[in-house]
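Biologist: Could you take me through the salt bridges in this model, please? I would like a close look at the paired side chains and their surroundings.

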Amino acid sequence: LSKKDDLPMLLVRAMTQISTAKPDSPHRCKLLELYVKHALEAKKPASDASLEAWRALLGLVSPEDVEKQLIPTALRMSKRNAASAAKSVPSMVAHLGLDLSKHAREILDPLAVDMIKDKDRRTSGILLIHHVVRKCGDSAALITLIEAWIELLKKTSKADEKQAVLMALKSLSEVLSPGLAEVGRATDPKGHLAKVAGEDTNEETRVLAYRTFGNFAMCSPPDVQKSAVQELLKPLADKKAPARAVLAALESLSDVAAIAASKGAAVPWATAAIEKSVPWLVVAVTKAVQRHQSVLAWAVCGVLGVTDGDSLISRLKKEHLAVLKDGPSFLNAVPTILKSPPAELLSQAQLWRAVLSGCLGGMPAVGATAKTLLNEGMALRLPLGPFSEALPFCRTAVVLLAALHGMCGGKREA
C-alpha cells in the first residue's frame, strides 16, 4: 500500500482488522499514515464506505496519536478543504475509542460553528457536536464549551452568526445527560441566552434561542428548571410576542413538562404553567393558523394535569372541554389529525394520554362512551361498530393511536 495509490478499501478493512487484533502489529503506524493521507487529507470528500473501512484502526489509536497527529491534521484540513473535512472529521470522531473530554473545545470551537454557518456543511457540524459530546465523560469540559459559545453569542451582532452559535448550542444540549446542575448559566433568566430569546429583533433568532433555552432547561435539575420555566412562560402572556416565538416557547414548555411529570413527583411550577397555557387552549377556534399553539397548550395541560389535576380542573371551562367532546373541532377532527406532521402528533399523544387516563376533569368516562368500539375485555372490537356512534374524542383516540403506530415503522411494539 502506497500513499500515492488509490487504496482498495476491502484490503484496507482486512488489514486494519488484522493489525488491531495484534497489539504489537508492525502495520499499525503505516496504516495510520495512510488514513491521514487518504481520509483526512483527501482532496475530494471520501465515501461513507471508505471512511467506515478505517473504523477498527481508529478504535485503537493512542491518546498521543490523537493529540499530536489526528486532531491537528483534521483542524488544518478543515481550513484548506472544508468540503472534504465535513465528511472525514465527524467520521473520525465517531470511530475514536477514547474519551474526548480533554479535546472537546479544541475540536468544536470554532470548527463546529463554522460548519453550521454553511448550509451545505450544517448537518456535518451537528453530527460532529453529537459525536464529541457522547465521547465526553467529564461534564466540566462541556460546561466550558457552553460558556464559551454563550460568550461568543454576546459578541456577535449579525443574525446569521447568532443563529449558527444557537444551532451549535442547541445541538450540544440535545445529547446532554439530564440533571446537570452546571448548565445553570445557560438557563439563567438574566443570562444572555434568555435575553436573546426574549428581546432579539430577528424572529428566527428568537425561535432558535427559545428552543435552545428549553433544551437546557430539560437537562437541568428541578430547582433550576423552575426559574427557567418562568422565562418560557413570558411570551405566552405577551400580546406583542411573535407567533413563532410563542410556538417555540410552547414546544420547549411541552418538552420540559413531559420530562418533569415523568418522574412521578409533584411539579412545583405546574400551577403557573397551566395558568399561562389555558388561554391558548381555544385560540385556534378563531385563528386556524395558530392550531399548533393550541395543541401544544393542551399537551402542556394534559401532561401537568397528571400531577396537578385540581389546578387544571379548576381552570377548564365549558368552551375548553367543548373542543374535545362536543363534535369535530380543530383538536379532535379525524381528517385533521391524519394530516398532522409528526411533531404535532406527539403533542396530541401527550394530550390524549391524559384524556384516556382520566386526568382531565369534566370528560365522560372512556369505558362508558366507547362501548361500540371495545369488547368487554377492553380489546378493540373487530370489525368496529359504527364509528359515528362513538363520541368524537373516542374516535380521535383510536385514529391517533393508529397514526402513532404507523410512525413506528418496523418497530411495531413501540
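Modeller: Happy to; here is a walk through the salt bridges, pair by pair. This is a predicted model, in which local features need pLDDT of at least 70 and side-chain atom pairs count only at pLDDT 80 or more, while totals for chains, interfaces and linings use all residues. Residues are numbered from 1 along each chain as its sequence is written, and side-chain values use heavy atoms, with hydrogens and water left out.

Side chains of opposite charge can pair when their charged atoms come close. Counting a salt bridge as a side-chain nitrogen of Lys or Arg within 4 Å of a carboxyl oxygen of Asp or Glu, the model has 16 salt bridges. One of them joins R76 to E41, with the closest N and O atoms 2.9 Å apart. R76 sits in helix α5 (residues 63-80) and E41 in the loop between α2 (28-40) and α3 (48-52), so this pair ties together parts that are 35 residues apart in sequence. Helices here are DSSP runs of H or I, at least four residues long, numbered from the N terminus.

R76 is partly exposed, at 31% relative accessible area (buried means under 20%, exposed over 50%, partly exposed in between, with a 1.4 Å probe and protein chains only). Its partner E41 is partly exposed too, at 25%.

Another pair is R55 with E52, whose closest N and O atoms are 2.5 Å apart; R55 is partly exposed at 42%, and E52 is partly exposed at 26%. K170 pairs with E174 at 2.9 Å between the closest N and O atoms. Finally, R211, E251 and D255 are linked in a network of salt bridges.

Technical notes:
Helix = DSSP H or I, 4+ residues; strand = E, 2+ residues; numbered from the N terminus.
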